[in-house]
Amino acid sequence: KSVAAFIAIGNDVNHQKTSSKITGSAPRKRLPLERYVDGVMSGNRVILARAITVIESDLPADGELAARLLDTVLPHTGESRRVGITGVPGVGKSTFIDALGIHLIRERGENVAVLSVDPSSPISGGSILGDKTRMERLAVEERAFIRPSPSRGHLGGVARRTRETMLLCEAAGYRNILVETVGVGQSETAVRSMTDFFLLLMLAGAGDELQGMKRGIIEMLDGMAINKADGDNKRKAERARTEYANALHLFPASADGWAPPVVTCSSLNGDGIEEVWQMVLAHRQMMENRGLLKQRRSRQSLEWMNELVILGLDESLRANRAVAGRLPQLQEEVRKGQMTPFAASRELLRIFHGEAPGGQRH
């Protein structure tokens, strides 16, 4: 089967909402709930892709369908290994994931779902959605599902509905879920809050990046891999591995007692890929033995709930007619320095709650 065919499956018409914005075409007709549930549970990748599109949709009519779908499949989720992968630009995240996915499928006989977030244009709202072209081998594997999702400006370098998408992939039977972020920046906290293992990819000979990294990023690591350790770069990669390992020892031990290992790997020839995965498995075993995996996921569920509440409140605020009528004027006054952001925000909240200036409700 051609790469193009699998790209079409994963993208589900390049995400219907984005396409309809650009072309003016109407979104594809939704299926009954039972069709989505049966398709996802049977591992049908076409139905899975369409179900994810419902989850990602901003259309009000899709909200109820999405909630019912997630409630129905929830008992069949939670069994996968969730791995977040990030790294500096040019480190080769997509090529690494291609190599890791092939290892999982061909060497270990498992399956893998890749949730690859594509940066959206702040102007058009469109995204390249080209990660599948950089995962040439994985894209044609029957036991792989790759879903490029536009971040649409969502903070954290991950798509707004990545957590929900992860649940659908788990319900579809995917044992390993890899979440690729846009890159080092705001993505670390977000990806750490939804995965079991957080892997940072680094390069050798690209400057003293570790010194320039935020302390919080280092403290979130579960493991580090020096990529592109091949050819003339192999010796430099090994030297970088030693330097980074020594640097990590200077940081306090994590609360769970895990010391992040540092390994070298080559996405080009596959060297070290198995060692990277053994690191993931060792961490998983440690977490399960100490009962920490369940605790981490419980915390993540609460964080997820709080995030959804905040998102819902933001949507309700912006949808309020009284707020929408006053917002442009307040924004202009704040921009010109005629009103403080504090005062403007308090007025908007009073309007939203239907309160008079004195604090009394209308």
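**Notebook: an aromatic pair, a covered strand and a surface patch**

I began at helix α13, which spans residues 292-319 and contains Met305. This is a predicted model, so I kept that in mind throughout. How exposed is Met305? I found a relative accessible area of 46%, so I noted Met305 as partly exposed. I then looked up what surrounds this side chain at the surface. Met305 joins Leu302, Val309 and Leu313 in a nonpolar surface patch of about 390 Å².

Next I turned to the aromatic rings. How many aromatic pairs does the structure hold? I found 1. The partners are Phe145 and Tyr174, with ring centres 6.1 Å apart and planes at 40 degrees, so I wrote the pair down as tilted. That label follows because stacked needs planes under 30 degrees apart and edge-to-face needs over 60.

Where do the two partners sit? Phe145 belongs to strand β3 (residues 144-150), while Tyr174 is in the loop between α7 (162-171) and β4 (176-180), so the pair ties together parts 29 residues apart in sequence. I also checked whether each ring residue is buried or exposed. Phe145 has a relative accessible area of 2% and is buried. Tyr174, at 7%, is buried too.

The loop with Tyr174 led me on to β4. How many residues of β4 are buried? My entry reads 5 of the 5, so β4 is largely enclosed by the rest of the structure. I wanted to see this face by face. In a regular strand, side chains alternate between the two faces of the sheet. On one side of β4 I listed Asn176, Leu178 and Glu180, and on the other Ile177 and Val179; all are buried, and both faces are covered.

Which way does β4 run relative to β1, parallel or antiparallel? I noted that β1 (residues 81-87) and β4 run parallel, joined by 5 bridges. For a concrete landmark, I looked up Gly84 and found that its bridge partner in β4 is Val179. Val179 is also one of the buried residues on the side shared with Ile177.

Last, I stepped back to the whole chain. I counted 15 helices and 7 strands in its secondary structure. Of the 362 residues, 51% are buried. Among contacts with a separation of 6 or more, 74% come from residues 24 or more positions apart. The accessible surface comes to about 18,000 Å², and carbon and sulfur atoms hold 54% of that.

Terms used:
Residues are numbered from 1 along each chain as its sequence is written. This is a predicted model: local features need pLDDT of at least 70, side-chain atom pairs count only at pLDDT 80 or more; totals for chains, interfaces and linings use all residues. Side-chain values use heavy atoms; hydrogens and water are left out. Rings of Phe, Tyr and Trp (its six-membered ring) pair if their centres lie within 6.5 Å; planes under 30 degrees apart count as stacked, over 60 as edge-to-face and the rest as tilted. Helices (H or I, at least four residues) and strands (E, at least two) are DSSP runs, numbered from the N terminus. Buried means under 20% relative accessible area, exposed over 50%, partly exposed in between (1.4 Å probe, protein chains only). Two strands pair if DSSP finds at least two bridges between them. Patches are made of residues with over 30% relative accessible area and no salt bridge: like charges are joined within 9 Å, nonpolar side chains (Val, Leu, Ile, Met, Phe, Trp, Tyr) within 5 Å. Accessible areas come from the Shrake-Rupley method with a 1.4 Å probe; for residues, only the protein chains shown count as cover. A salt bridge is a side-chain nitrogen of Lys or Arg within 4 Å of a carboxyl oxygen of Asp or Glu. Contact means heavy atoms within 4.5 Å.
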